[in-house]
Amino acid sequence: MTVLVVGEQGQLAQSLIRAARRKSLPLTAIGRPRLDLLDRASIDRAIDDVRPSIVINAAAYTAVDKAESEPDAAFAINAEAVGHLGAACARRGIGIFHISTDYVFDGSKGEAYLESDPASPLGVYGRSKFAGEEQLRKATDRHAIVRTAWLYSPYGSNFLKTMLRLGAERQELSIVSDQYGNPTYAPHFADALLELARRAQGDRFEAWGTYHLAGSGEASWYEFAASRRFRSPQMPRVS
């Protein structure tokens, strides 16, 4: 199995690189400029260069708040480019794993969402990610859309690293307590993705579709920030 990861510097791509190294699994991660999701020709070139058996799309426009003022950029990367990537895989008979998000839901259910629940995104980011799912479904049957939530790791940018940075600069942090999610350790998520990719080898794999894959349990942003598991002796009081 040879895996092509779209994206290179993000925390999930970095987690996948390290997980593949532990498993002695051939994996190539490519980001811009060599693979630019806004350039269909570069997508084709990268896939033809690597000749993977599976593609994992770990790249996305992830600036949730900024997306409200940059809807065109969010939809170009999270929706249109995903369709182009899926079509490129379809032309070559390659399966694709695409990472999506809990932001495709509005959060009003009050319990865990199921894959069969209808999407109801509220903001531009969520709508762009759901549009990407729809584009991929139209482009190829050999897809796995994997929705996750609140990824954190030692790599890239994430909530935990932001809290640690701010904690070194301030005596007190104010964190919202009315938004709940499933903090998900990106290296664990990467291990699970690679196992799914391993099972997807060959034409007999029949489990293509949509999956929810996230950390067990739930927490508010406040509870996540205040957790003793993540606090260092230098962390400030969280209010």
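Student: When I look at strand E3, residues 54-57, which residues on one side and which on the other are buried?

Tutor: A residue is called buried when its relative accessible area is under 20%. In this model, which is predicted, strand E3 is covered on both faces, since Ile54 and Ile56 on one side are buried, and Val55 and Asn57 on the other side are buried as well.

Student: How do I read the pairing of E3 with strand E1, and how many bridges join them?

Tutor: In general, the strands of a sheet pair through backbone hydrogen bonds, and the pairing can be either parallel or antiparallel. Here strand E1, residues 3-6, runs parallel to E3, and 4 bridges join the two strands. To find one of these places in the structure, start at Leu4 and look across to E3, where its bridge partner is Val55.

Student: What is the bridge partner of Val55 in E4?

Tutor: Val55 has Ile96 as its bridge partner in E4, and the pairing of E3 with E4 is again parallel, over 4 bridges. Between these two strands the chain passes through helix H3, residues 71-92, and this β-α-β crossover from E3 to E4 is right-handed.

Student: Which residue in E5 stands opposite Ile96?

Tutor: Opposite Ile96 you will find His143 in E5, and E4 and E5, which run parallel, are joined by 6 bridges. The chain goes from E4 to E5 by way of H4, in a β-α-β crossover that is right-handed.

Student: How many residues of E5 are buried, and which of them point one way and which the other?

Tutor: E5 is described as mostly covered, with 6 of its 6 residues buried. If you follow the side chains along the strand, His143, Ile145 and Arg147 point one way, while Ala144, Val146 and Thr148 point the other way, and all of these are buried. One of them, Val146, stands opposite Tyr211 in E10, and E5 and E10 pair in the parallel sense over 4 bridges.

Student: In what order do the 6 strands of the open sheet stand?

Tutor: Reading across the open sheet, the 6 strands follow the order E2-E1-E3-E4-E5-E10, with parallel pairing. At the edges are strand E2, residues 27-30, and strand E10, residues 209-212, each of which pairs on one side only. From one strand to the next, the twist averages 20 degrees.

Student: Let us turn to single residues. Where does Asn158 lie, and is Asn158 buried or exposed?

Tutor: Asn158 lies in the loop between E6 and H5. Asn158 counts as buried because its relative accessible area is 6%, and the cut-off for buried is under 20%. Residues far along the chain can also be compared by their distance in space: Asn158 and Gly10 are 148 residues apart in sequence, and their C-alpha atoms are 9.7 Å apart.

Student: In which helix is Ala46 found, and how far apart are Ala46 and Phe224 in space?

Tutor: Ala46 is in helix H2, residues 40-50, and Ala46 is also buried, because its relative accessible area is 2%. Ala46 and Phe224 are 178 residues apart in sequence and 38 Å apart in space, taken from C-alpha to C-alpha.

Student: What is the volume of the largest pocket, and which of its lining residues lie nearest its centre?

Tutor: The volume of the largest pocket is about 1,500 Å³, and 46 residues line it, of which Ala60, Tyr61, Thr62, Ala63 and Ser157 lie nearest its centre. Sorted by class, this lining has 25 nonpolar, 15 polar and 6 charged residues. Among the elements that each supply at least two residues of this lining are helix H1 (11-22), strand E4 (95-101), helix H4 (124-139) and helix H5 (159-167).

Student: What is the volume of the second largest pocket, and which element gives the largest share of its lining?

Tutor: The second largest pocket has a volume of about 1,000 Å³, and the largest share of its lining, 3 residues, comes from H4. H4, strand E5 (143-148) and strand E8 (180-181) each supply at least two residues of this lining. In total 35 residues line the second largest pocket, with Asp102, Gly107, Tyr113, Tyr180 and Gly181 nearest its centre, and by class this lining divides into 15 nonpolar, 12 polar and 8 charged residues.

Notes
Residues numbered from 1 in each chain as written. Predicted model: local features only at pLDDT ≥ 70, side-chain atom pairs only at ≥ 80, totals over all residues. Heavy atoms only, no water. 1 Å grid on protein atoms, 1.4 Å probe; cavity = no way out; pocket = protein on both sides within 12 Å on 5 of 7 lines; lining within 4 Å. Points joined across faces, edges and corners; volume = space filled by probe spheres on them. Nonpolar A, V, L, I, M, F, W, Y, C, P; charged D, E, K, R; others polar. Buried < 20%, exposed > 50% of the residue type's maximum accessible area, 1.4 Å probe, protein only. Pairing = 2+ DSSP bridges. Right-handed = clockwise from strand over helix to strand, strands pointing away. Axes fitted to C-alpha atoms, helices over the stretch in contact; angles between N-to-C directions.
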